[in-house]
Amino acid sequence: MAVVRLHRFRVARADLDRLLAQRRTLIDAIRLVHPGLTETRLTRLEDGTYLDTWRWDRAEHMLAAVAAAQGVPLVDATEALMLDASVLTGEILDETPDQVV
């Protein structure tokens, strides 16, 4: 069953471009080794925080990638740009795919 890992954080305005570039590099690197990462989406919320949603095809793939990321310099450097960060993981129970009309 698909799962999502949600990262909520703030970032200093001066660090946003660097965070975006490092995030793209990090996602590409993770997908090379962990193909279970099926979708990512970064959203700026109305309160100025960001919600970074990573969808995985299975919990096992997500857990393996999270474990492998510990101590990786690019991961640490990207996380260092995130202020007041929190992480939640959830299992997708129901969703409605796009409908073609």
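**Entry 1: a salt bridge to begin with.** I looked up Glu 39 and found that it forms a salt bridge with Arg 41, with 2.6 Å between the closest N and O atoms. Glu 39 has a relative accessible area of 29%, so I noted it as partly exposed. A reminder to myself: this is a predicted model.

**Entry 2: other charged pairs.** How many salt bridges does the structure hold? I wrote down seven. In general, side chains of opposite charge can pair when their charged atoms come close. One of the seven joins Asp 47 and Arg 8, at 2.7 Å from N to O. Asp 47 sits in the loop between E2 and E3 while Arg 8 belongs to strand E1, so this pair ties together parts that are 39 residues apart in sequence. For Arg 8 I noted 35% relative accessibility, which counts as partly exposed.

**Entry 3: helix to strand.** Next I turned to Arg 23, whose side chain meets that of Asp 52 in a salt bridge of 2.8 Å, N to O. Because Arg 23 lies in helix H1 (residues 16–33) and Asp 52 in strand E3, the pair links parts that are 29 residues apart in sequence. Are these two buried or exposed? Arg 23 is buried, with a relative accessible area of 12%, and Asp 52 is buried too, at 3%.

**Entry 4: the strands.** I then followed E3 and its partners. Strand E1 (residues 3–10) runs antiparallel to E3, and seven bridges join them. Strand E2 (residues 37–44) also pairs with E3 in the antiparallel sense, over seven bridges. Here I met Asp 52 again, as the bridge partner of Leu 42. E2 and E3 make a hairpin with five residues between them, and Gly 48 in its turn has a positive phi of about 90 degrees.

**Entry 5: two faces of E3.** Which side chains of E3 (residues 50–56) point to the buried face? I listed Tyr 50, Asp 52, Trp 54 and Trp 56. Leu 51, Thr 53 and Arg 55 point to the other face and are not buried. This fits a general pattern: in a regular strand the side chains alternate between the two faces of the sheet.

**Entry 6: an aromatic pair.** Last, I checked the rings, and the count is one aromatic pair. Phe 9 and Tyr 50 are stacked, 5.7 Å centre to centre with 15 degrees between the planes. Phe 9 is in strand E1 and Tyr 50 in strand E3, so the pair ties together parts 41 residues apart in sequence. Phe 9 also stands opposite Tyr 50 in E3. I noted Phe 9 as buried at 1% relative accessibility, and Tyr 50 as buried at 8%.

Definitions and conventions
Residues are numbered from 1 along each chain as its sequence is written. This is a predicted model: local features need pLDDT of at least 70, side-chain atom pairs count only at pLDDT 80 or more; totals for chains, interfaces and linings use all residues. Side-chain values use heavy atoms; hydrogens and water are left out. Buried means under 20% relative accessible area, exposed over 50%, partly exposed in between (1.4 Å probe, protein chains only). Helices (H or I, at least four residues) and strands (E, at least two) are DSSP runs, numbered from the N terminus. Two strands pair if DSSP finds at least two bridges between them. Rings of Phe, Tyr and Trp (its six-membered ring) pair if their centres lie within 6.5 Å; planes under 30 degrees apart count as stacked, over 60 as edge-to-face and the rest as tilted. A salt bridge is a side-chain nitrogen of Lys or Arg within 4 Å of a carboxyl oxygen of Asp or Glu.
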